[in-house]
Amino acid sequence: MKEREVVVIGGGFSGLMAAIRSARAGKRTALLQYGSGAFPLNSGLIDILGYDREKNEVKNPLEAIKNLPKKHPYHRIGEAAVRSSADFFLKLMEEQGFPYEGSVTAHRHVATAIGTWKPSSLVPASMDLPDLKGKRIIVVDVKGLKDFDGKMAAANLTERVDSVVESTRIELEPVEGRDITLLSCARFMENGGWQKAVEALRPLDAEDVIFLFPQVLGIQGNNVYRALSKALKGSVVETTGMPPSANGMRLRDVLLRAAWSAGVEIVENAHVIGAETEGKTCKYIRVQAGVHEQHYSAERFILATGGFYSGGLYMEDLQKPREVVFDLPVSFDKSHWTDKDFFAEQGFMLTGIATDESLRPVDAMGTVVLDNVRIVGRNLDGYDFCREHSGNGVALSSAYKAATF
Ligand SMILES: Cc1cc2nc3c(=O)[nH]c(=O)nc-3n(C[C@H](O)[C@H](O)[C@H](O)COP(=O)(O)OP(=O)(O)OC[C@H]3O[C@@H](n4cnc5c(N)ncnc54)[C@H](O)[C@@H]3O)c2cc1C
């Protein structure tokens, strides 16, 4: 078996960040992955903490972490790791030519596809709104594009800003009788279609204009955003989008390339099916590779398999939830599985693996179960990211901490 120091299981946001950090810390690191995790579902925004327990938007996310319930993973991760992980991420994205803006102590507000505001902490340059003072917003609709209604977005924005908000509809390609998806439009823009957009918008172009596009500015890197920003006098900004999210896919693409260049050994189509343990140590994990089984040993294993959504946790008939690789204990409250109030905290979202402060898995008594395993991202128990808007924040900071040596 090849000598590896760290093996990361799962290539979603937390797995990729853990692998990059580990390799950059000089550890021989392998990332075992299949599928693309939740990248195509989320807009690639890094929410640290959007809302408090009373559903009010928090002013300072880092400060607001102090008021979270004791079981929340941020208390185990610690404020220092939340702050350092954000710095690490911002620097990494800058280096990769895919810059993000923001901080963990204040919110930025991005425009959603329906013309409302979403608070977030770290925001890609293409979604970062400039100061609205003295600006006009022109929402850019694309003929035939489904899942986006420029007029509705403009009407909703008008209620929220002092600026003048208009909408315009441009035609990128003849589409009689069929719908264009956000992704096919993003691909078209990437393959030169952005020039058609520039031609169509030229008559409206001026320095005081913000062109607000649906999330269609390409699916790889930010070339389309940069090309449009260069060609137009007005500012170019994207909204969040309905899944599949072009920006989530761009973020994955950028992180995969960053992992390659950091020297991470990326193993594709690697379905981890179990582990061999001895006492409190995992010796190796078992990977299904076609009809064969391969074993990966390491000093540390980082479990980033994404909870129920991505198959890291599994449950039948509301009985005992299972963690599929190490068969770890799963913290679960059957009496509080769902709440009738759709927007209340949901018990199934809190279900996950309890850990100590080093993110090692613990049992119901708080005793460490495996010394050389770390739990990250959606596998962690004790937080409902949908309600509080903390998903990628917990994923990033737990990954950073798990890959600290
Ligand atoms: C609709 C939606 C919108 C969201 N929007 C936002 C947002 O705007 N801002 C925000 O901060 N967060 C958002 N989130 C939350 C965010 O997506 C998650 O916090 C994040 O994806 C967690 O990353 P992860 O790596 O833990 O899990 P995942 O992204 O689920 O990745 C887990 C990976 O592990 C792999 N895996 C599973 N089992 C195995 C196995 N046995 N062997 C090998 N690999 C395995 C899976 O294939 C997958 O690739 C959103 C989530 C959803 C669902």
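# A guided tour, starting at helix α1

Start by selecting two helices, α1 and α12: F13, S14, M17, A18 and R21 on the α1 side meet N392, A395, L396, S398, A399, Y400 and A402 on the α12 side. Sorted by class, this contact has eight nonpolar, three polar and one charged residues. Keep in mind as you look around that the model is predicted.

Now turn the view until you can follow both helices along their length. The axes of α1 and α12 come within 8 Å and cross at roughly 30 degrees. Angles under 35 degrees count as roughly parallel, so α1 is roughly parallel to α12. The crossing of α1 past α12 is right-handed.

**Next stop: the other partner of α1**

Leave α1 (residues 13-24) selected and add helix α8 (residues 246-262). How close do the axes of α1 and α8 come, and at what angle do they cross? They come within 9 Å and cross at roughly 25 degrees. This makes α1 roughly parallel to α8. Here α1 passes α8 in a left-handed crossing, whereas its crossing with α12 is right-handed.

To see the contact itself, show the side chains of L16, A19, I20, A23 and R24 in α1, then those of L255, L256, A258, A259 and A262 in α8. Colour them by class and you will find nine nonpolar residues, no polar ones and one charged.

**Step back: two domains**

Colour the chain by its domain assignment. Domain 1 is made of 6-103, 249-275 and 305-402, while domain 2 covers 113-239. Their C-alpha centres lie 31 Å apart.

Now select the place where the domains touch: 24 residues of domain 1 are in contact with 13 residues of domain 2. On the domain 1 side, the elements that give two or more residues are α4 (79-95), β3 (100-102) and α8. Which of these elements gives the most to that side? It is α8, with four residues. By class, the domain 1 side divides into 12 nonpolar, seven polar and five charged residues.

**Into the ligand shell**

Select the ligand and the 40 residues around it; G12, G37, G306, G377 and G391 come nearest. Several elements supply at least two residues each to this shell: α1, β2 (29-33), β12 (271-278), α9 (307-310) and α12 (391-402). You have already met α12 beside α1, and here α12 gives the most, with four residues. The classes in the shell are 17 nonpolar, 21 polar and two charged residues.

**Two backbone details to finish**

Most residues other than glycine have a negative phi, and most peptide bonds are trans. The last two stops depart from those habits.

First, select P243 and P244. Is the peptide bond between P243 and P244 cis or trans? It is cis, with omega near 0 degrees. You will find P244 in the loop between β10 (235-238) and α8.

Then move to D147, in the loop between β7 (136-142) and α5 (150-158). D147 is not a glycine, yet its phi is positive, at about 65 degrees.

Definitions and conventions:
Residues are numbered from 1 along each chain as its sequence is written. This is a predicted model: local features need pLDDT of at least 70, side-chain atom pairs count only at pLDDT 80 or more; totals for chains, interfaces and linings use all residues. Axes are lines fitted to C-alpha atoms, for helices over the stretch in contact, and angles run from 0 to 180 degrees between N-to-C directions. Angles under 35 degrees count as roughly parallel, over 145 as roughly antiparallel, 65 to 115 as roughly perpendicular and the rest as oblique. A crossing is left-handed if the near helix is turned anticlockwise from the far one by less than a right angle, and right-handed if clockwise. Two residues are in contact if their C-beta atoms, placed from the backbone, lie within 7 Å. Ala, Val, Leu, Ile, Met, Phe, Trp, Tyr, Cys and Pro count as nonpolar, Asp, Glu, Lys and Arg as charged, and the others, Gly among them, as polar. Domain bounds come from an automatic or database domain assignment. A residue is near a molecule or strand if its C-beta atom, placed from the backbone, lies within 6 Å of it.
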